[in-house]
Amino acid sequence: MTDVLDELLNLDRSQLEPDELRSLNETELREWIESLDYVLASGGADRVKDILQKLEQHAYKHGVPIPYNATTPYINTIGVDEQPDYPGDLEIEERITNLIRWNAMAMVVRANKYSSGIGGHIATYASAATLYEVGFNHFFHGPKAGPDADLVYFQGHASPGFYARSFLEGRFPVEAMRNFRRELQDEPGLSSYPHPWLMPEYWSFPTVSMGIGPLASIYQARFRRYLEDRGLLPSGGQGHVWAFVGDGETDEVETLGAIRVAARNRLDNLIWVVNCNLQRLDGSVYGNGKIIQELEGIFRGSGWNVIKVAWGSKWDELLARDHDGTLARRFEEMVDGESQRYAAFGAPELRDRFFNTPELKKLIEDWTDEDIALLNRGGHDPVKIYAAFQRAVQHEGSPTAILFRTVKGYGMGDAGEAKNVTHQQKKLDIDQMKAFRDRFDLPVTDEEITHYPFFRPEENSPELTYLLERREELGGFLPARSPKSEPLDPPSADAFEEFMQGTEGREVSTTMAFVSILRKLLRDEVWGKLVVPIVPDEARTFGMEALFRQIGIYSNVGQLYEPVDSENLLYYKESRDGQILEEGITEAGSMASFLAAGTAYANYGVNAVPFFIYYSMFGFQRIGDMIWAAGDSRARGFLVGGTAGRTTLAGEGLQHQDGHSHVLAYPVPNLLAYDPSFAYEIAIIVREGLRRMYQQQDDVFYYLTVGNENYAQPAAPAHLGREALEEGVIKGLYLFRPAGRKRSKLHAQLLGSGSIMNEVLEAARILEDDYKVATDVWSVTSYKALHVEALEVERHNRLNPDEEPREAYVARQLKDAKGVLVAASDYMKILPDALARHLPKGVVALGTDVFGRSEAREELRDFFEVDAKHIVLATLQALAREGSLSPSEVTKARDDLGIAPGKPNPYVD
Ligand SMILES: Cc1ncc(C[n+]2csc(CCOP(=O)(O)OP(=O)(O)O)c2C)c(N)n1
Ligand SMILES: [Mg+2]
């Protein structure tokens, strides 16, 4: 042995002839393989793994860099021998799938025939039909399955397919199908995409803004665990969260950006079905590479269980013939752009170009073109799909991604199968419809085709009987949304009474006031356990760290370490029944948790009350689309924008100072937005929110901003009476302090919001004391609420000219108010300006438009011209404009107030 080694070590390979070298290499390799085979036979796979790991370490130690490889060979993960028997009737399922394919295609083509430009998509569902059908017939558990019910995120652009299935199930009349995308007809048609807002008994998750569905599904699966771990849902349920994801959709950062969260939380209740049809809208997803392999690496690297279903059963015959791995190597070599050609041009192209070596040609030497045409992609093969789904459902310890290879526009033939234009193909001519019919063997005559018919077999036909039986056994129809939570009474007014009393001179911020309200709620017997505080690594910023200890931070493994601050009373406590969702630095992830918690009343029958507390700057403008999705989803809960106000958040500068989130709140129709000034206002708003959302079950949600400026919180003013005060706070405006000066020629109405209210109060004092202006001070808690109500009144009057015109709430409140109107807030001037035409007279708006600055509060308020002196000047100037003061009086006041006419303009400087 030593002699051999010596000889080998002395061997200088560079001196060998090529033939000798090749032969030596082959012998070496054979010996290694034989050794491995021996170990495998005698010691099993684990022993082989062990040896390979040690060998790898050994090689590293000797300077052999072994490149990291996250991918496995480009063949199916589940071998033929491992495939379970198919439990269903393949033949009848195929017939059902074909009917659904037809109806889905017909509804789009028809919609476009009768009203061109209406749109719709065929190709997405065509590629995914069999994936969904195996799911519907064997896996997706409906609402009646209780704790085993699944939640399914359906791919939005495949919606015609689900409608077509529901049509067969008898859930929609034919008119609804005919009027697809015509929701405003007398016989309303079906909505374009999954929108719970528009079809609240059908859709649960809006998925069509790409990336949001996949991201939301991760946090949905985690939230389900959270509810179980906290005892709000029975544990042991087998329900899964399924998310269907487009391969093109994986380019959205939201899609893949949080996949490690799923692995870290060991979410084996989460299954992603990635439909890799290799195409997106414009063309190939990754024509120069292989999207399936790329995604495999990403998911495996992030700790997911990955199942690849690339090749259909017919390929197994060739793989069985392929003893030296030639075919597997050819798969590796073929990029997606090449592969797309075979799907588009069929068997002759595949024969000529794919089987391009003598070894490969030999594999198919006895095959006809018909045989070759059966070489399908794995995602169209129900047997392979079933095997993958079953393995995913049984898998434990991590989430699963199944990467299915399919053909986009499958079955569309000339009309677009695997063509680059297929995504937007919505017109099929009669010949193309006939070809579709023939391909899927559908019972539609040539004559019928010209009318774009929908086909539904007889009620007791084998197809419908089978389909309905399968759904019945699996717990009912899907998609289905069925809110099932009980109405809850809001906390009693007494419980919140302490916040109505003010802080008796103690200076606290509205953030602190909000946190006190939250803590109070957490101690409530009914509401306490339902509150879900969500923070993106910002709890200390908002003074919420006491909650860490009080209610704990949720972790699915508890706390495996002794925290560094364990000696501290308020230590960092993680626990399995922890209540806070401390999401880390991810507003998008936190918002996904808000979506899950805010819709738990519909998905689980649990009245969860999310409070998502974040930097107001990083809300609407960063995750606005998710807030939009929350509106569509009918989510309930509170978004709390902390460190709000462009001049209230001092020192942080342009990227942090928010002066516009209240403007961005306008577009979300069912969102109520408040910019409160005082603790009692927040208490009233929160209690009202709980009443509306959880007792009255209105599908609205709330945004409130809180600031970090400390000031004495006043007691609720007594002059209005409690009821009128509450009404005013909720409707958006009330008289906070009537003028002190009674008999005066000059009058002003100042409107203040948020922390700028203090500047308004100071301005009122100056106006009364120094300029003899009797000044009422109003608190505007919500410009949006005032605006929306005024628009409703305006519309009512327009449509009912014969009735006594109604008055908008804001106009009614201010109509008898004397003098000029001046409004100031820490938000953009557009808020009061947008309200202006509903007011009895013009308003001067002061606000904080344009980029922020790093400065202290006082300087910022001077710079943005929202401090007391600028409010005074604006009021006096308005009085001069209406003729009550002379310009020279205002000029003098300007100088007395110390305002230079040439002061820098925040818009420009
Ligand atoms: C955020 C967002 N951007 C763009 C679109 C427009 N869009 C709709 S479908 C689509 C292509 C989808 O491709 P893929 O994810 O691969 O799904 P497939 O239809 O191929 O299954 C695009 C770009 C969208 N719906 N959402
Ligand atoms: Mg695609």
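Select Gly 752 and Ser 779 in this predicted model. Ser 779 lies in strand β18 and is the bridge partner of Gly 752. Now widen the selection to strand β17, residues 746–752, together with β18. The two strands run parallel and are joined by 7 bridges. To follow the chain from β17 to β18, add helix α30, residues 757–771, through which the chain crosses. This β-α-β crossover is right-handed.

Next, keep β18 and select strand β16, residues 733–737. Here the strands run antiparallel, with 4 bridges between β16 and β18. One place to look is Leu 733, whose bridge partner in β18 is Val 780.

Now show β18 alone, residues 773–780. How many of its residues are buried? The count is 8 of 8, and the strand is mostly covered. Colour one side by picking Val 773, Thr 775, Val 777 and Ser 779, then the other by picking Ala 774, Asp 776, Trp 778 and Val 780. Both faces are covered.

Move on to another part of the model and select helix α3, residues 90–114, and helix α4, residues 123–138. Their axes come within 10 Å and cross at roughly 135°. Angles over 145 degrees would count as roughly antiparallel and 65 to 115 as roughly perpendicular, so α3 is oblique to α4. The crossing is right-handed.

Finally, show the side chains where these helices meet. From α3, pick Glu 93, Ile 96, Thr 97, Ile 100, Arg 101 and Ala 104. They meet residues of α4 including Tyr 125, Ala 129, Glu 133 and His 138.

Conventions:
Residues are numbered from 1 along each chain as its sequence is written. Chains are lettered from A and ligands numbered from 1 in the order in which they are written. This is a predicted model: local features need pLDDT of at least 70, side-chain atom pairs count only at pLDDT 80 or more; totals for chains, interfaces and linings use all residues. Side-chain values use heavy atoms; hydrogens and water are left out. Buried means under 20% relative accessible area, exposed over 50%, partly exposed in between (1.4 Å probe, protein chains only). Two strands pair if DSSP finds at least two bridges between them. A crossover is right-handed if, with the strands pointing away from the viewer, the path from the first strand over the helix to the second runs clockwise. Axes are lines fitted to C-alpha atoms, for helices over the stretch in contact, and angles run from 0 to 180 degrees between N-to-C directions. Angles under 35 degrees count as roughly parallel, over 145 as roughly antiparallel, 65 to 115 as roughly perpendicular and the rest as oblique. A crossing is left-handed if the near helix is turned anticlockwise from the far one by less than a right angle, and right-handed if clockwise. Contact means heavy atoms within 4.5 Å.
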